[in-house]
Amino acid sequence: VEFLVAKDQLRPFVVDAGAMTVHAVGTDFTVRLEGDAVAVVLIEGLVALRPETASFTPMMLQPGSKAVLSKGTAGPTVRKVDIAGELAWRDGQLMFNRTPLAEALREFARYTGHRVSLQSPDLARLEISGSFRTTDLQPFLEIVSRIHPVQWQRRDDGTFSVNRR
């Protein structure tokens, strides 16, 4: 979910995202639940991150950064990100840059509802780069099979599987 917050120091905007709360004043940011993790991407302005863990000191996130906090961890991991890539979903696109195949398939599942099973654990680490429409899982799988030694098939139940060639 993306938030665009008006500047009002007296009324900060607060998002309670489970493992972390995000406090914003006049900013543009996204908050996304990813399993048991919370991911915050700051597009513009400043946000304060306050994990529910008392042992972690609140921190400020800088524009162009992504913080990910999983339940049970000491604190968030923060890294610089490509904002255009992080926001491509708004235009119906998914952008990958050396993204592990398992992660890319999870992204497609968010938009298509289709699950893809990898028949070998090492397939999860195959990397993929490019821009793809959120609804185009089959064309994505066709490209993956052209650049990696894999083949895919759609099963009778509508699920997909990827195997080594």
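User: Buried means under 20% relative accessible area, exposed over 50%, partly exposed in between (1.4 Å probe, protein chains only). What share of the 165 residues counts as buried?

Analyst: This is a predicted model: local features need pLDDT of at least 70, side-chain atom pairs 80 or more, while totals for chains, interfaces and linings use all residues. Residues are numbered from 1 along the chain's sequence, and side-chain values use heavy atoms, without hydrogens or water. In this chain of 165 residues, the buried share is 39%.

User: How many helices and strands does the chain have?

Analyst: Both are DSSP runs numbered from the N terminus: helices are H or I, at least four residues, and strands E, at least two. The C-alpha trace that carries them spans about 60 × 35 × 30 Å along its principal axes. The count is 3 helices and 14 strands.

User: Which elements give two or more residues to the largest nonpolar core?

Analyst: Such a core joins buried Ala, Val, Leu, Ile, Met, Phe, Trp, Tyr and Cys through side-chain atoms within 4.5 Å. The largest has 18 residues, with Phe 96, Leu 105 and Ile 128 among those with the most contacts inside it. The contributing elements are β10 (93–100), α2 (101–112), β12 (127–133), α3 (137–147) and β14 (160–164).

User: Which residues does Phe 140 touch, not counting those up to four places away in sequence?

Analyst: Contact means heavy atoms within 4.5 Å. Phe 140 is one of the residues with the most contacts inside the largest core. Its partners are Phe 96, Leu 101, Ala 104, Leu 105, Phe 108, Ile 128 and Phe 132.

User: What percentage of contacts with a separation of 6 or more joins residues 24 or more positions apart?

Analyst: The tally covers contacts in the chain with a separation of 6 or more. Pairs 24 or more positions apart account for 42%.
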